[in-house]
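Q: Please take a close look at one helix in this model. What does its buried side pack against, and how does the helix sit within the chain as a whole?

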Amino acid sequence: MERRRKHWGWGYEDEQPSPEDLRGAARFLTGRLGFGSTEPEQAVALSEIELPAPRLSPPTALEPICATGAYQRALHCYGRSYPDVVRAFRGRFDHPPDVVVHPRDEHDVQAALDWALSSGAAVIPFGGGTSVVGGVEAGVGCEDHAGVVTIDLKALDRVLEADPVSLSARIQAGATGPRLEDQLAEHGLTLRHFPQSFQFSTLGGWIATRAGGHFATLYTHIDDLVESVRALTPVGAWESRRLPGSGAGISPDRMLIGSEGTLGLITEAWVRVRRRPNHRASAPVRFDDFTAGAEAVRALSQSGLYPSNCRLIDAREAELTGAGDGSYALLVLGFEAAEHDVERWMTMALECCADHGGSWEHRRDGDASAEAVGSWRQAFLRAPYLRDVFISIGVLSETFETAITWDRFANFHEAVLARVSETVREVCGAGTVTSRFTHVYPDGPAPYYTILAPARRGGELEQWAQIKRAASEAVIAGGGTITHHHAVGREHRPWYDRQRPEPFAAALRAAKAAVDPHGALNPGVLIDP
């Protein structure tokens, strides 16, 4: 029997902790944080939820691949942002799709798209449903349509071709991270794109949202790994020529990368792969403070060493994740390669860290330094699961990320921390704002901020909205980007509109009108209907 995803949170239904385990987690977490409730709430059961009747009925030919039941409609109602999970936890499903289609191949995708368009419906492309910015909710922009059809592409999950000569592969868009990696492993290859949502997110979703992956330097985004893309639009197929590079005008791939389902449904792509790494080295490097660590990371990013992992974590976040004791900032540094030993690169990188006050213990498998790296890695992977627990015990958990050039970083970071910390205190009475670098470039870092604060049960969405607004305003006022790798969706639209140049916005609206004249594809995302 196929495992079912939770209709309201992260993971599978059979992974839900027992009431006893949840109470134990509540005692541990509230003790560590200093706030929250030791009496967890339970999510509203699906059987207690009433959804409005579907406004559309699929044609007979599509009925075998369509679902209109409560579970499928609830599962596809939201992504997995904090407000998404809070609303679903409390049994509130504001904009469920009317019909969920599960195409088995591209022919089914085309048939579903044709039917939805002929019915006057809005069409929401759906991969893993891991959006944290309101990217798959049929809310703003869908009001004038006859209904909403969500097209779930996860059955299109095969590696269709592997080219070991050019080191590339043609992969269907619905393949999740584990699914595509398992198939590539049969050829000794890997895409090596591991976002935090890797377990459930899909290749098509990564391309549509310009997702950030495993590499902390050099190949940081899915952009760097795309060779060509194929998508279905209301006016025909959009497929670029497979090439290592091209100077032939504006890139058709670049228009689809980051289009968030507004220009077409991505069905497959050729992507650049590599041989699986056999050589690895990692080390946790301590710094007296985050500022000193940032200077070391800047030097590393400009050294040409290109570590695969170069994540700087502030002292409080290191403490909360079990990777430190709160007295130092921690740099998680790593190298890996398929063809050559990486110890020489690690030695040079550690020398660079030492020049900026970094220190580390002698590296051996199983020693305290390896445990620190492992503790942070496990905390990183379990974070989406932990957020569900936070909601049940009354802890507001949110993140936001951005990017800024090195010359502006220090002032930017100080201003953002001050503004958001002040807002958290005003709105929640207490809480912490921690930070880390997820990716670094020669010209600047991508800071990532995590907020943990006491939630007012029943008032979480209002608290979240005030904090989200303050964080977004601080980022835009400081000259950063509203998102580095989380996409725009509906939640970032007000600030994205301010960030982009108006002539570009006009060009984007014209492109949308050309390929989607009725504004049916993911209305409200990136472009107004």
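**Helix α8 and its surroundings**

A: The buried residues of α8 pack against six named elements: the strands β12 (279-287), β13 (309-313), β14 (329-337) and β16 (432-441), and the helices α10 (343-355) and α12 (406-428). This is a predicted model.

Helix α8 itself covers residues 290-301. It has 12 residues. From first C-alpha to last, α8 reaches 16 Å, close to the 16 Å expected at 1.5 Å a residue.

Which residues of α8 are buried? They are F290, G293, A294, A296, V297, A299, L300 and S301. Buried here means under 20% relative accessible area.

Now the wider setting. Helix α8 belongs to a chain with 15 helices and 17 strands. Of the 529 residues of the chain, 57% count as buried. Contacts reach far along the sequence: among those between residues at least 6 apart, 74% join residues at least 24 apart.

The overall dimensions follow. A compact globule of 529 residues would have a radius of gyration near 24 Å, and the chain has 23 Å, so the two agree. Along its principal axes, the C-alpha trace spans about 65 × 55 × 50 Å.

Last, the surface and the charges. The accessible surface of the chain comes to about 21800 Å². Carbon and sulfur atoms account for 50% of that surface. The chain carries 53 positive and 68 negative side chains. The centres of these two sets lie 0 Å apart.

Technical notes:
Residues numbered from 1 in each chain as written. Predicted model: local features only at pLDDT ≥ 70, side-chain atom pairs only at ≥ 80, totals over all residues. Heavy atoms only, no water. Helix = DSSP H or I, 4+ residues; strand = E, 2+ residues; numbered from the N terminus. Rg over C-alpha atoms; globule rule 2.2 N^0.38 Å. Buried < 20%, exposed > 50% of the residue type's maximum accessible area, 1.4 Å probe, protein only. Contact = heavy atoms within 4.5 Å. Areas by Shrake-Rupley, 256 points an atom, 1.4 Å probe, with all protein chains shown as cover. Lys, Arg positive; Asp, Glu negative; His and termini not counted. Charge placed at Lys NZ, Arg CZ, Asp CG, Glu CD. Expected span 1.5 Å × (residues − 1).
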